[in-house]
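Please open the structure in a viewer and keep the selection panel at hand. The tour below proceeds from one selection to the next.

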Amino acid sequence: MNDQPIPAATSPARVELEAGKAYFWCRCGRSASQPYCDGSHKGTGLSPVRFVAEKDGEAWLCRCKSTGNAPFCDGTHKTL
């Protein structure tokens, strides 16, 4: 089992969210649909983070997988 996430990129992904809609953020870094889960975590011991958008609009989702504010970018990628 590989339960360590791998960085998908060293920058966040700009996305448009819809208020009230549920999303699944990729925690493992293996998804081809970054920053969202595509099921590639199977067998890793990691699972995606489900979140519901609080409002419509732009958001920056983490792709380095080291944020302290998952699924949102907190700038940690600048220190990696």
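How many salt bridges does the structure hold? In this predicted model, there are 2 salt bridges.

**Charged side chains**

Select arginine 14 and glutamate 16 to begin. These residues form a salt bridge in which the closest N and O atoms are 2.7 Å apart. Next, add glutamate 58 to the selection. Its side chain meets that of arginine 14 in a salt bridge, at 2.7 Å from N to O. This pair links distant parts of the chain, with arginine 14 in strand E1 and glutamate 58 in strand E4, 44 residues apart. Through shared partners, the salt bridges join Arg14, Glu16 and Glu58 into one network.

Now display the accessible surface of these residues. Arginine 14 counts as partly exposed because its relative accessibility is 46%. Glutamate 16 is partly exposed at 46%, and glutamate 58 is partly exposed at 46%.

**Nonpolar core**

Clear the selection and choose Ala13, Val15, Leu17, Tyr23, Trp25, Val49, Phe51, Ala53, Ala59, Leu61, Cys62 and Cys64. These 12 residues make up the largest nonpolar core. At least two core residues come from each of strands E1 (13-17), E2 (22-25), E3 (49-52) and E4 (57-61). Strand E1 gives the most to this core, with 3 residues. In soluble globular proteins, nonpolar side chains tend to be buried together.

**Cysteine 62**

Finally, centre the view on cysteine 62, a member of this core. Beyond its neighbours within four places in sequence, cysteine 62 is in contact with Trp25, Pro35, Thr67, Pro71, Phe72 and Cys73.

Conventions: Residues are numbered from 1 along each chain as its sequence is written. This is a predicted model: local features need pLDDT of at least 70, side-chain atom pairs count only at pLDDT 80 or more; totals for chains, interfaces and linings use all residues. Side-chain values use heavy atoms; hydrogens and water are left out. A nonpolar core is a set of buried Ala, Val, Leu, Ile, Met, Phe, Trp, Tyr and Cys residues joined through side-chain atoms within 4.5 Å. Buried means under 20% relative accessible area, exposed over 50%, partly exposed in between (1.4 Å probe, protein chains only). Helices (H or I, at least four residues) and strands (E, at least two) are DSSP runs, numbered from the N terminus. Contact means heavy atoms within 4.5 Å. A salt bridge is a side-chain nitrogen of Lys or Arg within 4 Å of a carboxyl oxygen of Asp or Glu.
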